[in-house]
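Trainee: May we go through this structure together?
Mentor: Certainly; please have it open.

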Amino acid sequence: MSTPIRNMTPEEVNAALAADEILLVDVREPHEFADARIEGAVNYPLSTLDPATLPSAEGKYMVLSCAGGVRSVNAALQCQAAGIDIHDHLAGGLRAWAMAGLPVAR
């Protein structure tokens, strides 16, 4: 049985990044990531997602993000289907992050 997807707020993700508790994985396409991103995020596009080759979180937990929150949920569900317990995502994605007034790297 899969773990329910946890909707993290931009503020929760920002605090977890600042505390070095998470690995933020952005599942948008490379051109989207190059245009605007959350500082510290790594890019791993949903279009080529292979849960077995996700980067190591090295003692942290993984949080997925995208533009609006749909692709990150899809990525989490794919990971769970492959037996990898990833269940946290940035609800509302980069849009919610920016609307919360948090910094966007360009």
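Mentor: We shall discuss one helix and then a single residue.

Mentor: This is a predicted model, in which local features need pLDDT of at least 70, side-chain atom pairs count only at pLDDT 80 or more, and totals for chains, interfaces and linings use all residues. Residues are numbered from 1 along each chain as its sequence is written, and side-chain values use heavy atoms, with hydrogens and water left out.

Trainee: How many residues does helix H3 have?
Mentor: H3 covers residues 70-81, 12 residues in total. Helices are DSSP runs of H or I with at least four residues, strands are runs of E with at least two, and both are numbered from the N terminus.

Trainee: Which residues of H3 are buried?
Mentor: Ser72, Ala75, Ala76, Cys79 and Gln80 are the buried ones. Buried means under 20% relative accessible area, exposed over 50%, and partly exposed in between (1.4 Å probe, protein chains only).

Trainee: Why do they line one face of the helix?
Mentor: Seen down the axis of H3, they fall within an arc of 135 degrees, so they line one face. The arc is taken from the directions from the helix axis to the C-beta atoms.

Trainee: What covers them?
Mentor: The cover includes strand S4 (61-65) and strand S5 (88-90).

Trainee: And which residues are exposed on the other side of H3?
Mentor: Val70 and Ala81 are exposed there.

Trainee: Changing topic, where is Asn14 found?
Mentor: Asn14 is in helix H1 (residues 10-18). Asn14 counts as partly exposed because its relative accessibility is 31%.

Trainee: What is Asn14 in contact with, leaving aside neighbours within four places in sequence?
Mentor: Trp97 and Leu102; contact means heavy atoms within 4.5 Å. The C-alpha atoms of Asn14 and Leu102 are separated by 8.0 Å, although the two residues are 88 residues apart along the chain.

Terms used. The expected span of a helix is 1.5 Å times one less than its number of residues.
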